[in-house]
Amino acid sequence: MIFFFLLQLVAIPVLSPLAVGIIRKIKAHMQGRVGASVLQPYYDLWKLFHKDEVISEDATWIFRFAPYLIFAVSVAVGIAVPMVTAVPAAFPGIERLSFLALSDFLVVIYLFALMTFFLALLGIETGSGFGGFGAAREMMVAALAEGGLLFSLLVASVIAQSGNLMGIVVNLQMMPLETLFPLLIAFVGFAIALLAENSRFPVDNPATHLELTMIHEAMILEHSGKRLALLEWAAANKLLIFIALGANIFFPWGVALQADALPGLALALVVFAAKAAVLLAGIAVIESTMAKFRIFRVPDLLFTSLVLGIIALSISITF
Amino acid sequence: MEFFLTPASLFLFGGLFLFGAFGALLLSRLVPDGGKIAGTFAHVLGFLGSLAALTTAFAVLVSGQAIAFSLPGTLPFVEFAFRFDALAAYFVILVSLVGMAASIYGIGYQKHFFGGHSLGWFGFLYNIFLLSLVFIPLANQAFFFLFLWEIMSLSSYFLVVFERKEESVQAGFLYFLMTHLGTAFVMLALLLAYGATGSFAFDDWRVASANITPLLQSLIFLFALIGFGTKAGIIPLHIWLPEAHPAAPSHVSALMSGVMVKTALFMLVRFFFDFFPGARMEWGLAFMLLGSLSALLGILYALAERDIKRLLAYSTVENVGIMLMGFGAALVFFGLGAESFALFALAAMLYHMLNHAIFKSLLFLGAGAVVEATGTRNLNAYGGLLKFLPLSGFFFLIGSLAISAFPPLNGFASEWLTFQSLFVGIASPSLLVKATFIITIVSLVMTSGLAAATFVKAFGTSFLGRARTVRTELPHEADQLMLLAMGFLALLTLVLGVGATFMIAALIGMIASIGLTDPLSLRFPFSEFIAAREQFANVLPLETIGMLLLVIFAVAGGAVYFATRKRGIVYGRTWDCGTPLSPRTQISSTGFSRSLVTIFQGILRPTRQTSIEYQDGKMRYFIKYQGIKMGLGDPYRSGIYGPAHNVLLFFARQARRIQSGNVNAYALYMFVTLILLLVWTLYS
Amino acid sequence: MYRLLRKIAVTPKVVIPESELMTLQIPELGAELSPLVKKLFKGSLAIREVAAGSSNAEEQELTALTNAYYDIERFGVRFVASPRHADMLFVTGPVSRNMAEGLKRTYEATPAPKLVVAVGDGAIDGGVYRGSYAIHDSVSEVIPVDFSIPGDPPAPKVVMAALLQILRDIDNQTEK
């Protein structure tokens, strides 16, 4: 049990730079280039931990402390997310085990909001123009995207009659296919929320050098050295967590329900890798084929995500 | 301990407040030191009275024994009937916790007033205000309640206009008007209940409620809604709130926003669940819709504000909306017969009442420290304050985190509970109920996202960055006692959050005791709370979540820190792309919310006035000065209160025709009236 | 006069001669570049490009480095938006008087360990603009320069070759 807990703890932080690397690699191929290796984000993080930092004189203790908090929260949420197994079925009677408390979907959403809150504070922190703009836009996007995110997860929760992410995966696997139809609509809403919360196209450009087109990048412009590494790692963790949620909540087949059967686990790992690869490829394709939206078109997109969630919810509770 | 379960303890804390009130007045007359002794005396006694009330309330809850007695009244219709039951005890705990913090804060804050204002008068008003707030939940008779309600309104009015500034006086006038409008409707509700049951005693209403006709019940509810809604700040009856709450001194604002607004909601709970249970489900739907509207509009107005205290006042409107959502859901569940869900929803509402009181007071006290340090309430003039007010800033941050509902603080616990009660409701078979619940969930989600944005703005643009204006003197940290009060409230936010399972169990047990035929005993005495807690252990183990976060933070942070301890840190200039930084090159508070205001411009109707002064008025080529004034449209005054005012004036003008000034006409009126009375007496 | 002589004596001659490296093809250059980047910069070299009054020709060439033909990203080298994220500064253009302060601030904003490379003839000694009243004649007048890449503007392949030579020099220096 402790082994499983530790595995869940380190899985997300260890694998998240790989996910970012895969997206960049696919984007590079779509641009006709070879691109950096998929392990490049690991090298970037490793190098950043070896660099010194320059901190602004206008920064306060929040600047020094918040990156650690943001990273810690991203790791903590990683424990709660079903990746290869969904725990309750594997270990019956351990509902009170501490890390299951985190798996409530409202807790997960609000912990993400906590990360965004502190990230926005970091943007305003040093008093540079771009950080402030980035923070303002980030709060705008986050406030509007939260609705779509909550409703898409709520649809899954209502269908599965459980508020716990692990419980949702377990229950959904056992339900007949027709009842899972609203999940497709909810997934579209979730996908939009994923793009918005992780600063992907068409909401934000993670590779831009133009400050006026930055949202997430603008907030980390002032950071260097290990704090920059922690923030980039936390963003990668958040992306992988969203990918895991998208793959396992909306398409729950393939998640192992027993953590002690090794062949079952290996199969589940392969299935998860395949699902994640499809989602990552999808993100990369969207980034390569679409232009970033003008900022005042983004709310329309986010409201669409909310409405899709409401439609999916209405369908799921009517039938 | 037994002392606290007797009526004598009510006399104790009542007496302490009265002693504080009159003692302050006396001391200010006798001791000519500018009011220091009087003010400190008043605040200390306010603290002691609150402490005594808190102890009594705990005694009642722990022992499971209520205090009920009545004193014969000297005034007609008034009978001083007291009833200290579980619900009242919960509310008294709320009042006294905030009262204690505000009193300690006041001792430090009152330095502000020395020499200029009469602190004896302030002390008197403050203690009378606290007295009324503590006693209102204990009143068990309609007129006694009204008497206390009126004292509360009057004392708070005088506190609002205490500083005698132009805007305070205007705010006070609007407040006076609106609160008496509300009181009029409350009186109507009470009189209707008297007509229906034949008595003014609340105990009689509890018994006779089954016999009231549905029409009468609906009218009572409607008038209670309007009357108490005015005090609670439900949209569109909220227009006085953003004017009056900021105008009062900061700890009084905390009491008004944190506690006074809750007394109205408390009375609504009493009316709908205690006196006249069995309300139709449609009332619950109406409350939920009203709550959704209030919450969303409240937070939108808060987001667009540039005055820190008005921002907090509008945020109160938002949180009242959230409480109404829980309240409405409870009514719906009761109406549908799903009592266990109703208990949860009502527990969510009551929990949010307590949590909001704590973190809103914390925020107001912090805002008071900031306003005192900088001399202005304009958010655009703050910036970089964390370096000068480190502790106040830290406590304000805790308050912001709590109000944005982040685990493991208390705001998250009550919002989670509200969400859960709303999620349950979407499974109901009726389409209308489903739709209302979905609308409410949408509103709650949007509200909480916007609340986080509002408090990033409020905390970030005030405390972080550099100064956004040229300062003539450096801001100074708040007084020790002010910090103590804020720290106490911040600690409470953590305790109430981490103790979520305990609180939920306690609330359910307490609510189950309302409306029982023998209401003087709790269903779950304190010793059984611990046992009952096991049932709720899976509900929201925020303490485990909090601990996990702490452990991971410590481990990850420690590991990274240790691994990179040899890296150097250089302190340099903010990366400004090579351009010189000035106060104006940072995001301002208005700019921060501008994108959201633009998105919601259909609701907010932002206005912009440009004024241009040219170098040469005739040629009008070169601009000398250009000013832009941005504001929000006010649909309430133009749409509701304006036309109502005009209608009233119209009728008043017509009525004025009777006053012709001619004495003969007046004699004629008397004569005609006498004839009519004669005819009526003869024929009846 | 003495100052000029001293400067001649002191300024290191690290200008790369257009020699054997230019005969290599891009993949071969890359194959040499990658392991050095891995060794010296832990696999990730972040460059921030500062245009200090240049004619933009050098920027065009540097931008070409990230296109599909040269694709310098595959060797672990990338361009970043903020000097706080950078290990190396590529400064182009003779530093105009307006940009001197900005260039200094950019240098101060870059965390240690950092390197400054003057790219293009203008950055090295003023190029065709030398002697103008509007410029400092070279980047080294404003911030300490570690390496230079000559050319007006240097072709992308020249920049890659020069970068390889720079990394070799750093490697040799650190070995000593």
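The residues of helix H1(B) that are buried pack against helix H2 (36-63), strand S1 (67-71), strand S2 (80-84) and helix H4 (119-135) of chain B. This is a predicted model, and the points below describe helix H1(B) first and then chain B as a whole.

**Helix H1 of chain B**
- Helix H1 covers residues 7-30 of chain B, which makes 24 residues, and from its first C-alpha to its last it reaches 33 Å, close to the 34 Å expected at 1.5 Å a residue.
- Towards the start of the numbering, the buried residues of H1(B) include Ser9(B), Leu10(B), Phe13(B), Leu16(B) and Phe17(B).
- Also buried in H1(B) are Gly20(B), Ala21(B), Gly23(B), Ala24(B), Leu25(B), Leu27(B) and Ser28(B).

**Secondary structure and domains**
- Chain B contains 24 helices and five strands, with helix H1 (residues 7-30) among the helices.
- Two domains are assigned in chain B, with domain 1 spanning 280-564 and domain 2 spanning 636-683, and the C-alpha centres of these two domains lie 50 Å apart.

**Overall dimensions and packing**
- The C-alpha trace of chain B spans about 100 × 80 × 65 Å along its principal axes.
- The radius of gyration of chain B is 27 Å, which agrees with a compact globule, because a globule of 684 residues would have a value near 26 Å.
- Of the 684 residues in chain B, 54% are buried.
- Among the contacts in chain B with a separation of 6 or more, 80% are between residues 24 or more positions apart.

Key
Residues are numbered from 1 along each chain as its sequence is written. Chains are lettered from A and ligands numbered from 1 in the order in which they are written. This is a predicted model: local features need pLDDT of at least 70, side-chain atom pairs count only at pLDDT 80 or more; totals for chains, interfaces and linings use all residues. Domain bounds come from an automatic or database domain assignment. Helices (H or I, at least four residues) and strands (E, at least two) are DSSP runs, numbered from the N terminus. The radius of gyration is taken over C-alpha atoms; the globule rule is 2.2 Å times the number of residues to the power 0.38. A residue is buried if 20 or more other C-beta atoms lie within 10 Å of its own, exposed if 12 or fewer, and partly exposed in between; C-beta atoms are placed from the backbone. Two residues are in contact if their C-beta atoms, placed from the backbone, lie within 7 Å. The expected span of a helix is 1.5 Å times one less than its number of residues.
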